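Here are some short notes for a colleague opening this entry for the first time. Please read them with the structure in view.

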Amino acid sequence: MYCSVLHYMVSRKRVVGVDMGNSLKKSQPEASLDRGSPMTVDGSSSEVVNDDDLNSPQLGVDMGNTLKNSQPETSLSKGSIIAVDGSRSETDIDENLHSRQLAVYGRETMRRLRGANVLISGLQGVGVEIAKNVILAGVKSVTLYDPGLVEALDLGANFYLTESDIGKPRATACAQKLQELNTAVVVSVHSSNITHGFLSAFQAVVFTNSTFEEAAAYNEFCRSQTPPIAFIKADVHGLFGSVFCDFGPEFIVFDVDGEEPQTGIIASITNDEPALVCCVDDDRLEFQDGDMVVFTEIHGMTELNDGKPRRVKNCRPYSFLLEEDTTSFGIYEKGGIVTQVKQPKVLNFKSLREALKNPGDFLLSDFSKFDRPPLLHLAFQALDEFKVQFGRLPAFGSEEDAIHLIRLAKQINEGAGDLKLESIDEDILRRLSEGAKAVLNPMAAMFGGIIGQEVVKACSGKFHPLFQFFYFDSLESLPDEVAQEHGETVSDNRYYAQASVFGHQLQEKLQDAKVFVVGAGALGCEILKNLALMGVACGGKGKLIVTDDDVIEKSNLSRQFLFRDWNIGESKSTVAASAALAINPYLRIEAFQNRVSPETENVFDDAFWESIDVVINALDNVNARLYVDSRCVYFQKPLLESGTLGTKCNTQMVIPHFTENYGASRDPPEKQAPMCTLHSFPHNINHCLTWARSEFEGLMEKTPTEVNSYLSKPEEYKASMVLAGDAQARELLEKVVECLVAERCRTFSDCLFWARKKFEEYFTNKIKQLTFTFPEDSVTSTGALFWSPPKRFPKPLEFSTEDPSHLSFIAAAAYLKAQTYGIVVPDWAKDFNRLAEAVNEIKLPSFTPKQGVKIVTDEKATSLSISASDDSMVINSLIKVLDENASSIAPGFRMISIPFEKDDDTNYHMDLIAGLANMRARNYAIPEVDKLRAKLIAGRIIPAIATTTALATGLVCLELYKIFLGHKVEKYRNTFANLALPLFSMAEPVSPKVFRHQELSWSVWDRWAIHGNITLQELLDWFESKGLTAYSISCGQSLLYNNIFPKHRDRLDRKVLDLAKDIAKLEIPPSRRHFDVVVACEDDNGDDIDVPLVSIYF
């Protein structure tokens, strides 16, 4: 029955094959081959496959006519996954590698992706960015097509091309490096013409830089297939970009936004038409009018428990109307959960030919440019016609070509019918013409993220596709005037395109820039790649510094694309710097392995910060961001901030004196569940998992650490417990006595007994005590039922080795307990049959609930420790027990503390946490979760995907141009985007709050400087001269002066510097000639005034 300890205590869902066709209606026969799968029969996928090889007899695949010539005996049904040995596998998603991506997509979407074959035509900057993101997403295969030869211009946008590749076909030159991103994805190169038979092999095709006529022909064929092939056309020209999507006449979106279904706990339901449903005010309802919901666990009005989706309307924070006549239903009694049901959405895409004539609504990104998309729709058609007529794109800065483009646009506009524009902004067309040949890295990165996500949508039905045109420009990134300097940057220079768009002077500024990148994770890797391609810090005076104190882990590889599996365990910043240097050998980069924090101000000192031109944050936590923000404010440095969360991202520009700083506004803190809810009254799986992780840390990390504190200095430890004499000290001592005396484990059998006892304690005895203290019919002091929603009445579990989840919990707990004692797990314990036999031999005493047991029910309580009058006496008796058993503890014995590590599936940490959470959920009839979901919640894993990261960093680097051009604040853009919807919202940054007093004004960016080694009285007089009364002065955490303390008047004649050294223990580095004090002031009316930080230069 049980064969391996690799059984997890969580239930496994059977995986079924998935048909990834349009609407997922029509599947191909079981014996047919996946469209164009370039996977070899033996399943190998570690090498780039050439299209000529794909026609070899060994593969049995003809890429020109796949569906006709498939080999039944070696074929695979659509959606199946190739295992390492070539056999079918439907569960081989590497969860350690893809955990952050799984948090966004889920297993089902990942499985669909594993069956998808994608074609990418065009491998300039945009194409390679798309390929990178799609390969990292984990599709089945990516075929590259671009017979064009590598030019020097390509080195400014394609990060996988080097100078030695010039003259080679683009696709071939970068294919092997793309393959290294994910060896589970087959990367192949197609070098002959694209035929209909060839196209039929794919689920999604992306064309970059093709003409409208070519693209329309391909698009018509793709639409004619059954199921249709998703078609995407993308173009980036200078600071302009466009995307067109057509996923077929009827495309079903299974999940439009990717958000978790909303739930509510029911408080009441009326017998009406429509029925009013009220929910408890534990959490706000996020239902929208028209949503469909289902009901479960309702008592009384049981007719609603039939699983039928019902529509809601008039949604409020804690109530809604149900479009149902409940007058004949039973009367609502108690209980009930209402859950949102996500409904599929059918989208009817138009073909490219039809959409060009009738584009419908455009997706907007910047509402200050609400009238821009129709003009760009016309402009891109004119640019296409220019390319058809002249066989090329307009030359850099050519006025003659710009005039031709404007004339073509006017001609097309005249025949546009209802789409005819009343006026055409010729300056915008001129800007498009002047930079049409340029593929700028930030634009490529941005559009690579957007289009990569559209490919995922096309292959999975997850998230709402872009419908259908998206146009974007960043003309505000341009200098006010671009001097005609094209001769100063030779055309065989990798920066020629960028210099032609922005001017030679900006290129020099970028190359001589001194940039500090904080973080070398997902954002950091993308930022470094972008900077290297842009030529930032590649000049003689330039310097790029990157720091990160972390090392590379396997889970990083699915999105931190500069790392490979052989880099696991190495420093992130060091490896990232080396990879960036490979992209651009002229990059002057230095890697640090330090966290940027108050503890490293000796490394990142005043001289360091003063030498920096701009700081780019690539961090993953708020506290670190706030600290870097404070340093940038102090040293008046621009900060480019960004962050991602799944498909969402935001960018914020922090420009000295022009914008508010990052710390000026903060998100509200996350709502925390009360302690009593977590420990006694959970009502959702998050509560169970939070409790489970807390228990894990207490049992496996904190308690062994506490024991070792006692063993290291027993006399000091005992004295401190006696001195404390409270409930917390008593509980700590009880745990020490348990580990060293009462429940000391010397053999694995002892560990097994301990684990079995823990199961009984957690899931049986405590529940019996809880329901004894508070029976199901208990009432509160107000007469209300104690077990009213959101409380759920629990039931104890009865242990059985016949239940795999019970035995798996015992195994994980025993293995980890043995580890804390340094006990080797015997071989017999790894056989579940023998383990079950051993557990069945364990006999535990029966449990009888006790009268008078206190259980905390106060939601405001911050501790579950209940003080008792005899705490001190109990502490003394526990110390006596330790003293009596001291001789039984071997000299030098220490327990092994086990810190929680979520990303190692072999360490049993998540097995124990998932077991704890799911057994507790079973007590309270809460739906259980699988181990992956448990890891995401308990491990507090931040959902992350490569596409969102690419989008965010592309946007950041567009803003970087503006910093070195010295733009005014109205040209900067903060952005919020959600690729799932998709949604783009750009806005001018918020100005800093300005404080005023009399003739003075200041903001957070100001710092008042006082020169001279002044006394405290002179400092007070300085403020008095400004009409302010300084009543409190502090340095660091120490108070130097406060006028409410009479003794502080004795300090008035002392130097402020001396007071800071004596009282605040201030240590000033030899290189620093100032120190800072915080002064609290009030005006003549006694109102507090927030004044800037004061720097005293001595």
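How many bridges join strand β13 to β16, and do the two run parallel or antiparallel?

1. The model is predicted. Strand β13 covers residues 292-296. Five bridges join β13 to β16, and the two strands run antiparallel. Within this pairing, phenylalanine 295 stands opposite valine 338 in β16.

2. Strand β16, residues 337-341, also pairs with β11, residues 263-269. Here there are three bridges, and the strands again run antiparallel. Threonine 263 stands opposite threonine 339 in β16, and glycine 264 stands opposite valine 338. Valine 338 of β16 is thus faced by glycine 264 and by phenylalanine 295.

3. These strands belong to a closed barrel of six strands, in the order β11-β12-β15-β14-β13-β16, with antiparallel pairing. The twist averages 45° from one strand to the next. In that order β16 is written last, after β13, and the bridges between β11 and β16 join it to the strand written at the start.

4. A separate point concerns residues 972-1094. An unreviewed UniProt entry places the feature "domain: Ubiquitin-activating enzyme E1 C-terminal" there. Over that stretch the chain is 14% helix and 37% strand. The C-alpha atoms at its two ends are 30 Å apart.

Notes. Residues numbered from 1 in each chain as written. Predicted model: local features only at pLDDT ≥ 70, side-chain atom pairs only at ≥ 80, totals over all residues. Heavy atoms only, no water. Pairing = 2+ DSSP bridges. Helix = DSSP H or I, 4+ residues; strand = E, 2+ residues; numbered from the N terminus. Axes fitted to C-alpha atoms, helices over the stretch in contact; angles between N-to-C directions. UniProt positions renumbered as here; feature names shortened; annotations may be inferred.
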